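Could you take me round this structure, one selection at a time? I have the viewer open and would like to know what to click on next and what I will find there.

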Amino acid sequence: MDEALITTMTVNGARVTRSVPARQHLVDFLREELGLTGSHIGCEQGVCGACTIRVNGEIVRGCLMLAVQANGCRVETIEGLSDSKELEKLQAAFHRRNALQCGFCTPGMLMAAQDLIRTGRKASREEIRAQISGNYCRCTGYQAIVDAIEEVING
Amino acid sequence: MGKAELPLHAPGTQVDKGYIGESVPRPNAQRLLQGRGAFTDDLRFPRLAHVAFFRSPYAHAKIKKLELKNALRSPGVIGIFDGRAVAEYCKPWVGVLAHLKGIKSPPQHAVAIERACWQGEACAAVVAESRTQAEDAVQLIEAEWEELPVVVDMEASLRGDVVIHEELKDNVCFKREHDTGGVDEAFAGADVVVEDTFHFGRHTGVCPEGRAILADYNAAEHSLTVYHATQAPHMMQDIFSRHLGIPEANVRVIARDLGGSYGIKVHVYADEMATAALSVMLRRPVKFVADRLESFVSDIHAREHRAKVRLAVSKEGQILAFDLDDLTAIGPYSVYPRTSGIEGNQVVNLTGGPYRHQKYKARMHVVFTNKNLCCQYRAVGHPIAVALTEGIVDLAAQKLGMDPAEFRRKNLIPDDAYPYTFPSGIKFEKLSHHKALDLLLKIMDYQKLREEQEALRARSVFRGIGLAAMIEVTNPSPAFYGVGGARISAQDGATLRLEPTGMVTVMCGVTEQGQGTEGIFAQIAASAVGVSIEKVKVITGDTGVTPYGGGTWASRGAGIGGEAVLLAGRALRSNMLDVAACILKVEKAELDIENNQIINKLTREPKLPLEELGRIAYFRPDTLPVDFQSELTVTRHYTPRQYGFTFTNGIQASLAEVDPDTGFVRLLKHWCVEDAGTVINPMLVDEQIRGGVVQGIGAALYEECLYGPDGQLLNGNMADYLVPMSGEMPDIVCAHIETPTLQSQLGAKGVGEAGTAGAPGAVMNAVNDALAPLGARVTRMPFTPERILQALKKV
C-alpha cells in the first residue's frame, strides 16, 4: 500500500527530492515532510479551499493533488509568497481591515485572492466574491475580505 | 451616551481614554497572515503517536465482538484499545447540573463499552506511528453488531415507544415549565390570537479546523501537558485531572491558535478524553485531529427544535401574553460538563424578551435520540427564541394590518423602564430597544425600502423586509454553571507585569480564537497603564502561565476578562508611580504616566522614561530607600455578581428577494444595530457581528444535518452540507448604541453572539414578507428552494 516514488519538485524556490508514498496528497507532503504548516487541511475533498497552493503558477487544492503528481513542478506556498513579499500589500490590507479572525482559512484565501490580483485587471465586488467563492471562512462573513481585496485591486 | 461619558473616562478616574474606542488592528494577526501560526496539528513532537477511532456505523447497536487480530498486525500499529481498556484510565462522566432540576443522563465513557448509541460514536481507538497507518488499521477491525431499535424523531422520543436508556425509564433528559399566571385569562380576553409552529434544523459549527488535541504524558513526573484546541483551558485542566486521576497541579492545558470554535470547542468530547488517556497508557505523546467526516458525526450539533407559540394581542396592537411549547432533541447523552439542557432552558428564558407583556407560560422538553450529541453552539438558544418571537410578532402585526416596525415600537420595553424584570424571571440592568429601533430604521431607510418593495411587487419582483429585535445574554455570573456544581469559572484574572525595558506583559485566563481578545486586552492595558500599544504583549491560553479563568464563551471575554485587565492595569500604574516617586524624590500625586514616560501631572513634562524606571527597579534597587520594595507585577480578578447576566440588546433587518419560480432566496442587504455597552474596538465589534450574522444566515437558508430513519447522517461532508460562501452573502451594515453596564468600570457588555442570535429571525421574516402577496409562509428552517416551492404549492 505504501509504494514510494522518488519525487523532485521546487518548493518556494528550493529544490527538494524525497521518496514519497504514492497515495500521499501534496498538502500532506508539504506539511508532514517539509514542515510547511501554513497550508491547512479543512475538508480533504476540495470544498473548503484552506489548502490552496500554487503549482506551476496556477492555484490548486493541495488535498486534491498527489505529491507525486508534482514531480518536476514549481510549488509555492504561503510561506514562500510571504518571504518573497508578493503578498505584502494584500496581507497589509487584510491586517488593517481585520479580514481574518481565527486565520485558518487565511493562507488559502490569500492564495485565491492573489490569483485575481496578479492578472492586473480591475474587478467588481461581485467578481471578487466569485473569485473567493471556493474558500470557506466561518469567522468573518466575508465582507472585510472582499473590502481588503478590493482595496488592493482597485487602489 | 457619548464616549466622553463612559465610566472608563469619567471625571476623577486615573485612566485616559487611550485606545478605547479605536479600531486598532490586532497585533497577533500577523503570524496568521503568513501561515506561521501554531495550530495544534502544526506541532511536532518526538515519539508522537497518532490515534484514529473505529466508529459505530449504526445509530444504536450492541457491540457483540471486536476482532482486532488483523488490525493489530497492520504496519505501524502501536496498540488498539476498546472501551473497557480505556475506562481503566479514564472515569466516565454524567452531564447534569444541580440547578437544572430533574435533568438526567447516563454515564458516558471515553470509548463506548458494549453499546453504541449514535452513528459515529467511538468504539475502539487505534494508535499508530502515523495517522495514515492508524486509519489503515481501523479498516481491518472486524465487529459483530446486534442492531437495536432506533429513536430518531423527537416526537416519537417524547412518546417513549422505545426507551434508549432503560435505567432512565423514559427519553426525557430535562423538562421545564414556567407560568406567571394569568396567561389563559389573557388569551381568553384577547382581541387577536395568533399561533404557529416553528421548526429549527439541527446544524453544527463546521469549524474550519477540526477538533484537535495533543496529549503528552510524562511518566516520571506523573504530569500531563495537553495542547488542546479548546475555549476553556482551566475547565479542561480540572476535567483531565479528575477523570484521569492526575493531580491538578500536574496538568497543564495549552490552547494555541484555534481554527474556529464558536462554542464547538468548549465541551468535553469522548474521543479527546480517550486521546489523553492513551497518552497516559502509552507513556508518550498522542495526537488526535478530527477529520471532516468525523467532525460531522462527533462535533456537537445544536438547535433541533420544534416550537409552538401563541400570542395574545389587543386590537390596538398591545402584546398581552406569550404561550410557548418547545421540544428539542439532543442525542443519546447530555454533554459534559455544561449539559444539553441549557439551550432549551435559554429558549424559555428569552422568548418574548424584548417586549413588555407580563404574562408568559412556557413548557419545554429536552429528549434523547440516537443521533449525534447536541450542546451549546454560538448564541445558545437565542436564534430559536428570537426567531419564534419575531415570527409570531410579525404574524400578529400582519393580522392587525399594522406595519411590523410600528408594532414593535408599541411593544418594546421603554428605554426608561430599567431596571426591569422580565416575566421569565430574568433581570435587565439597562437596555435601549427604542433607540436601537430608531437607528435601524434610519440607517436602512425603512420607508424608502417599503415604497421600493411596493413598486417592485407590481412588476412581480418579490422582496421582503424582515426585522428581528433581540436580547442577548453576556458576561454570565456563577448563576450560569457554578451554582449547578460545574467547575467552570465565572471569574477571570489578569496579571500585568512591567518588564525592565518598559514593556508590559499581560496574562489573562480568557482565550483567543480570532475574535480579537488579545487585541482588546492590549488596548485596555496600554490605556490603563499609559504606554503605547506596541509596548504590550499579551499571553493567553496556558493554564501554566495565566491566572485562573473561565475562558471564552457566552460573550464574556471583553466584559469579564477586559475588566480584570483594566483593574490590573490601574493597579500596575499606581505601583509604577510609587517607584517613580522614590526615584524622583517627589510626591506620587505629582506624577502621571503618559506615552511610555513618567510625567509631571500638571505640566505634562516628561520626567523619566519607563525603561529607566524598569532598569532601576530591577537592576539597581540598591539606590532606592531601604524600606521600599517595588511591586511591578500585579494580578486582579473580576466576577460579575449584581446580575445573573449582563444583557445586551439589538435589532437586525434583512432585505431578501425570493424567486417564486425557483424558490431561491437572494439576500440583498443586512443591517444590525447592537448595544454592547462600551465599544473597545469598533472594527473588531463589527467583524464579530458580521461573522455572527453570516452564521445565522447559514441556519436560516442552508445548514441542516439530515438524518435518515435509521439514524444515519446523510450529508456529513462539506459538499452536501451547505455553508454560507462569499458569493451568496450580502454586505452587512453595523451601527451601535452604547449603554455601558454600570457593574464594571469598563462598561463593556459583550458582542460575540449577537449576529447569530438575530439573523435567522430577520431572514425568516424577510422571506415571509416577500412571500406574503403570494399567500405562502415558511416556518421550517433552513428555507431551501424546495421548502419555498412547497409553500408556494409548486412542488
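Start by selecting B:Trp671. This residue is buried, because 24 other C-beta atoms lie within 10 Å, and the cut-off for buried is 20 or more. Keep in mind as you look around that the model is predicted. B:Trp671 sits in strand β29 of chain B, which covers residues 665-675.

Now show what surrounds this tryptophan. Setting aside neighbours within four places in sequence, B:Trp671 is in contact with B:Leu440, B:Ile443, B:Met444, B:Gln652, B:Ala653 and B:Val733. Add B:Ile732 to the selection as well: B:Ile732 and B:Trp671 are 61 residues apart in sequence, yet their C-alpha atoms are 5.5 Å apart in space.

**Zoom out to chain B**

Colour chain B by secondary structure, and you should find 20 helices and 30 strands. Its C-alpha atoms fill a box of roughly 85 × 75 × 45 Å along the principal axes. Does the chain's radius of gyration agree or disagree with that of a compact globule? It agrees: a compact globule of 795 residues would have a radius of gyration near 28 Å, and chain B has 28 Å.

Of those 795 residues, 61% count as buried. Contacts that link distant parts of the sequence are plentiful on this count: among contacts in chain B with a separation of 6 or more, 80% are between residues 24 or more positions apart.

**A three-stranded sheet**

Next, select β4, β2 and β6 of chain B. They form an open sheet of three strands in the order β4-β2-β6, with antiparallel pairing. The edge strands are β4 (115-116) and β6 (142-147), each of which pairs on one side only. Strands of a sheet pair through backbone hydrogen bonds, either parallel or antiparallel.

Look along β2 (residues 61-67) of chain B, and you can follow six bridges joining this strand to β6(B), the two running antiparallel. For a single pair to click on, pick B:Lys65: its bridge partner in β6(B) is B:Glu144.

**Backbone details worth a click**

Which two residues should you select to see a cis peptide bond with omega of about -10°? Choose B:Tyr336 and B:Pro337, which that bond joins. B:Pro337 is in the loop between β16 (319-329) and α10 (342-350) of chain B.

Then move to B:Met781 and B:Pro782, where the peptide bond is also cis, with omega near -5°. B:Pro782 belongs to the loop between α19 (754-771) and α20 (785-791) of chain B.

Two further stops concern phi. B:Arg303 is not a glycine, but its phi is positive, about 75°. You will find B:Arg303 in the loop between β14 (301-302) and β15 (305-313) of chain B. Is this arginine buried or exposed? B:Arg303 counts as buried because it has 24 C-beta neighbours inside 10 Å.

B:Asn596 is another non-glycine residue with a positive phi, here about 70°. Its place is the loop between β24 (591-594) and β25 (597-600) of chain B. With 19 C-beta neighbours inside 10 Å, B:Asn596 counts as partly exposed.

**Across to chain A**

Now display both chains and highlight where they meet: 41 residues of chain A are in contact with 43 residues of chain B. On the chain A side, the elements that give two or more residues are α2 (78-83), α3 (88-97), α4 (106-117), α5 (125-131) and α6 (143-154). The largest share, four residues, comes from α3(A). Colour this side by residue class and you will see 19 nonpolar, 17 polar and five charged residues.

**Inside chain A**

For the last stop, hide chain B and colour chain A by domain. The domain assignment gives domain 1 (4-81) and domain 2 (85-154), and their C-alpha centres lie 22 Å apart. The contact between them takes 14 residues from domain 1 and 13 residues from domain 2.

Select the side of domain 1 of chain A that touches domain 2. There, β3 (52-55) and α2 of chain A each supply at least two residues. The largest share, three residues, comes from β3(A). By class, the residues on this side of domain 1 divide into seven nonpolar, six polar and one charged.

Note on methods
Residues are numbered from 1 along each chain as its sequence is written. Chains are lettered from A and ligands numbered from 1 in the order in which they are written. This is a predicted model: local features need pLDDT of at least 70, side-chain atom pairs count only at pLDDT 80 or more; totals for chains, interfaces and linings use all residues. The radius of gyration is taken over C-alpha atoms; the globule rule is 2.2 Å times the number of residues to the power 0.38. A residue is buried if 20 or more other C-beta atoms lie within 10 Å of its own, exposed if 12 or fewer, and partly exposed in between; C-beta atoms are placed from the backbone. Two residues are in contact if their C-beta atoms, placed from the backbone, lie within 7 Å. Ala, Val, Leu, Ile, Met, Phe, Trp, Tyr, Cys and Pro count as nonpolar, Asp, Glu, Lys and Arg as charged, and the others, Gly among them, as polar. Domain bounds come from an automatic or database domain assignment. Two strands pair if DSSP finds at least two bridges between them.
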